[in-house]
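Visitor: I would like to go through this structure with you, one topic at a time. May I start with the strands?

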Amino acid sequence: MAALATDFPPVRACLFDMDGLLLDTEDIYTLCNNIILRECNRPDLPWHIKAQLQGRPGPEAGEIFHAWAQLPIPRAEYIRKNTELQRKHFPSAQPLPGVPDLLKTLRERGVHLALATSSHAANFKLKTSHLKGLFSYFPEGQRLLGDDTRIPPGKGKPAPDIYLLALETMNSGLRKRGEKEIKREECLVFEDSVPGVEAGRRAGMRVVWCPHPQLLKEYKGREKEVLAGLANGCQDEQVKEVMDEAAVGGEGNGRGWPGRRDDGWAELMNSLENFPYARYKIGDA
């Protein structure tokens with residue numbers, strides 16, 4: 001696990017989730033689901049269920065949703081309806097407050113950027129085709145999507161694999177150029193979801209948690225658990241003293257453990273506006 005720390009090295013790399021963090025697509029997901037639920041005379045999707053869906057790969061999130069929804073229609077019909085609604089609404093997605101300025105400033109200050117999203121390629125295209133300028137900050141080789149074949153089945157968030165792979169894509173380029181590799185503790189993960197925070201913590205990276213206001217209400221009083229990566233069921237007594245240091249693809253990959261409450265490795269932010277660069281030792285250009 002990550003040790004208690006008060007003095008960190010400068011952040012050299014920032015790794016970003018997308019839905020609900022960079023883009024307002026979480027509200028679009030909710031809209032699409034609620035249209036179908038209402039057609040089926042079912043209640044709107046409550047946040048205590050949605051919180052379990054966020055950040056997870058599609059198949060896993062689907063199992064949780066259907067176990068709760070108990071829709072009176074075949075799952076194939078739900079998928080068809082939901083796909084049609086998403087095709088209609090995802091192209092209207094917009095960046096959340098502070099995102100364009102944050103990405104621009106990080107690039108100007110020489111910080112390496114990577115995208116690590118559970119969205120698969122088709123949905124990624126729907127959500128981003130009209131925002132090419134925004135996503136140009138992420139080099140093609142440093143965009144990790146949910147259906148990337150390098151991520152083993154069952155190893156989506158909250159497992160750390162996608163963030164470890166994102167780091168390896170950056171370090172691969174640095175090695176080719178003969179430059180110093182980035183260490184895990186030099187990485188800052190940006191997440192809105194609880195499973196995503198756990199993934200970042202288990203990857204041995206620092207984390208900024210910037211949740212939807214409704215999600216934050218669901219975890220009122222449990223914020224420290226979320227920041228430690230413990231809110232998905234891990235308990236302090238289960239946390240190992242040493243994180244698994246295996247490289248991506250090596251034996252034991254994806255078994256890293258989260259942190260402890262108040263260990264200094266994660267921070268809650270209500271918005272990405274006015275980001276505190278100095279706190280993370282991200283210097284001027």
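Visitor: In which sense do strands β4 and β5 pair, and over how many bridges?

Guide: This is a predicted model. In it, β4 (residues 187–191) and β5 pair in the parallel sense, over 4 bridges. Within that pairing, Phe-190 has Val-208 in β5 as its bridge partner.

Visitor: How does the chain cross from β4 to β5?

Guide: The path leads through helix α9 (residues 194–202), and this β-α-β crossover is right-handed.

Visitor: Which strand pairs with β4 in addition, β1 or β3?

Guide: In the sheet order, β4 stands between β1 and β5. Strand β1 (residues 13–16) and β4 run parallel and are joined by 4 bridges. Cys-14 stands opposite Leu-188 in β4.

Visitor: What is the order of the strands in the sheet?

Guide: The open sheet has 6 strands in the order β3-β2-β1-β4-β5-β6, with parallel pairing. Its edge strands are β3 (143–144) and β6, each of which pairs on one side only. Strand β6 (residues 266–268) pairs with β5 in the parallel sense over 3 bridges, and Ala-266 in β6 is the bridge partner of Val-207.

Visitor: Which way do the residues of β5 point?

Guide: Arg-206 and Val-208 point one way from strand β5 (residues 206–209), while Val-207 and Trp-209 point the other way. All four are buried. In a regular strand, side chains alternate between the two faces of the sheet.

Visitor: New topic. Which residues touch the most other members of the largest nonpolar core?

Guide: They are Leu-15, Tyr-163, Met-205, Trp-209 and Tyr-219, in a core of 32 residues. Helix α8 (residues 161–176) gives the most to this core, with 8 residues. There is also a second, separate core of 31 residues, which includes Leu-21, Leu-102, Leu-131 and Phe-275.

Visitor: What does Met-205 touch?

Guide: Leaving aside residues up to four places away in sequence, Met-205 touches residues including Leu-15, Tyr-163, Arg-184, Cys-187 and Trp-265.

Visitor: You mentioned Cys-187. Why does it form no disulfide?

Guide: The closest cysteine sulfur, in Cys-14, lies 8.6 Å from the sulfur of Cys-187, which is too far for a bond. The cut-off for a disulfide is 2.5 Å. The structure as a whole holds 0 disulfides.

Visitor: Is Cys-187 buried or exposed?

Guide: Cys-187 is buried, with a relative accessible area of 0%. Cys-40 is buried too, with a value of 12%.

Visitor: Let us turn to Lys-50. Where is it found?

Guide: Lys-50 is found in helix α2 (residues 47–53).

Visitor: Buried or exposed, for Lys-50?

Guide: Lys-50 has a relative accessible area of 4% and therefore counts as buried, the cut-off being under 20%.

Visitor: What does Lys-50 touch?

Guide: Not counting residues up to four places away in sequence, Lys-50 touches Glu-26, Tyr-29, Thr-30 and Leu-45. Its side chain makes a polar contact with the side chain of Glu-26 at 2.8 Å. Another polar contact, of 3.1 Å, joins the side chains of Lys-50 and Thr-30.

Visitor: And where does Thr-30 lie?

Guide: Thr-30 lies in helix α1 (residues 25–39). With 15% relative accessibility, Thr-30 counts as buried.

Visitor: How far apart are Lys-50 and Gln-214 in sequence and in space?

Guide: Lys-50 and Gln-214 are 164 residues apart in sequence, and their C-alpha atoms are 10.0 Å apart in space.

Conventions: Residues numbered from 1 in each chain as written. Predicted model: local features only at pLDDT ≥ 70, side-chain atom pairs only at ≥ 80, totals over all residues. Heavy atoms only, no water. Buried < 20%, exposed > 50% of the residue type's maximum accessible area, 1.4 Å probe, protein only. Core = buried A, V, L, I, M, F, W, Y, C linked by side-chain atoms within 4.5 Å. Helix = DSSP H or I, 4+ residues; strand = E, 2+ residues; numbered from the N terminus. Contact = heavy atoms within 4.5 Å. Pairing = 2+ DSSP bridges. Right-handed = clockwise from strand over helix to strand, strands pointing away. Polar contact = N/O pair within 3.5 Å; in protein donor to acceptor, adjacent residues only side chain to side chain.
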